[in-house]
Amino acid sequence: MKEKKCNECKIGYKKMFRIKYKELHYSNKIWLFVCESCLKLIKKNNSFYRYGGTWKK
Ligand SMILES: [Zn+2]
């Protein structure tokens with residue numbers, strides 16, 4: 001399987017989280033992968049945050 005990189009910090013991790021966190025992700029049906037530390041920052045005060053599953057290498 002292709003290596004996934006965090007959409008925020010661009011680093012590849014063994015465990016990634018599939019999320020949406022911007023309004024445009026809903027209208028364009030986009031899911032993004034982020035790492036755990038970026039996820040924590042994104043989740044804060046974000047009404048667009050939606051969890052779509054965990055990916056493990
Ligand atoms: Zn990250």
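In the predicted model, arginine 18 has phenylalanine 33 as its bridge partner in strand E2. The neighbouring phenylalanine 17 is likewise bridged to E2, where its partner is valine 34. Altogether, three bridges join E1 to E2, and the two strands run antiparallel. Helix H2 packs on the sheet, where it touches both E1 and E2, and the direction of H2 makes about 25° with that of E1.

Strand E1, which spans residues 15-20, also pairs with E3, again in the antiparallel sense, and this pairing extends over five bridges. Phenylalanine 17 stands opposite threonine 54 in E3, and isoleucine 19 finds its bridge partner in E3 at tyrosine 51. Phenylalanine 17 is thus bridged to valine 34 in E2 and placed opposite threonine 54 in E3.

Taken together, these pairings give an open sheet of three strands in the order E2-E1-E3, with antiparallel pairing. E2 and E3 stand at the edges and have a single partner strand each, so that one side of each is left without a neighbour in the sheet. Neighbouring strands of this sheet are turned against each other by 30° on average, when direction is ignored. As a general point, the side chains of a regular strand alternate between the two faces of the sheet.

The edge strand E3, residues 50-56, is set apart by its burial count: of its seven residues, the number buried is zero, so the strand lies largely in the open.

The largest nonpolar core consists of nine residues, namely Tyr13, Met16, Phe17, Ile19, Phe33, Val34, Cys35, Cys38 and Ile42. At least two residues of this core are supplied by each of E1, strand E2 (32-34) and helix H2 (36-43). The greatest contribution comes from E1, which gives three residues.

Phenylalanine 33, a member of this core, is in contact with Lys4, Cys6, Asn7, Met16, Phe17, Arg18 and Trp55 when its neighbours within four places in sequence are left aside. Two of these contacts, Met16 and Phe17, are themselves core residues, and Arg18 is the bridge partner already described.

Isoleucine 42, another core member, is found in helix H2. With 20 other C-beta atoms within 10 Å, isoleucine 42 is buried, because a residue counts as such if 20 or more lie within that distance. Not counting residues up to four places away in sequence, isoleucine 42 touches Tyr21, Val34 and Tyr49, and among these Val34 also belongs to the core.

Leucine 32, found in strand E2, is partly exposed, with 18 other C-beta atoms within 10 Å. Its contacts, apart from neighbours within four places in sequence, are Asn7, Ile19 and His25. Leucine 32 and tyrosine 21, which are eleven residues apart in sequence, are 8.5 Å apart in space, C-alpha to C-alpha.

Lysine 4 has its place in the segment before E1 and is partly exposed, with 17 other C-beta atoms within 10 Å. Once its neighbours within four places in sequence are left aside, lysine 4 is in contact with Gly12, Met16, Phe33 and Trp55, and through Met16 and Phe33 this segment reaches residues of the nonpolar core. Between lysine 4 and isoleucine 19, 15 residues apart in sequence, the C-alpha to C-alpha distance is 13 Å.

Two residues that are not glycines have a positive phi, namely lysine 10, at about 65°, and asparagine 45, at about 50°. Lysine 10, like lysine 4, lies in the segment before E1, but lysine 10 is exposed, with 8 other C-beta atoms within 10 Å. Lysine 10 and isoleucine 42 are 32 residues apart in sequence and 15 Å apart in space, C-alpha to C-alpha. Asparagine 45 is found in the loop between H2 and E3, and, with 6 C-beta neighbours inside 10 Å, asparagine 45 also counts as exposed.

Notes: Residues numbered from 1 in each chain as written. Predicted model: local features only at pLDDT ≥ 70, side-chain atom pairs only at ≥ 80, totals over all residues. Buried ≥ 20, exposed ≤ 12 C-beta atoms within 10 Å, placed from the backbone. Helix = DSSP H or I, 4+ residues; strand = E, 2+ residues; numbered from the N terminus. Pairing = 2+ DSSP bridges. Core = buried A, V, L, I, M, F, W, Y, C linked by C-beta atoms within 7 Å. Contact = placed C-beta atoms within 7 Å. Axes fitted to C-alpha atoms, helices over the stretch in contact; angles between N-to-C directions.
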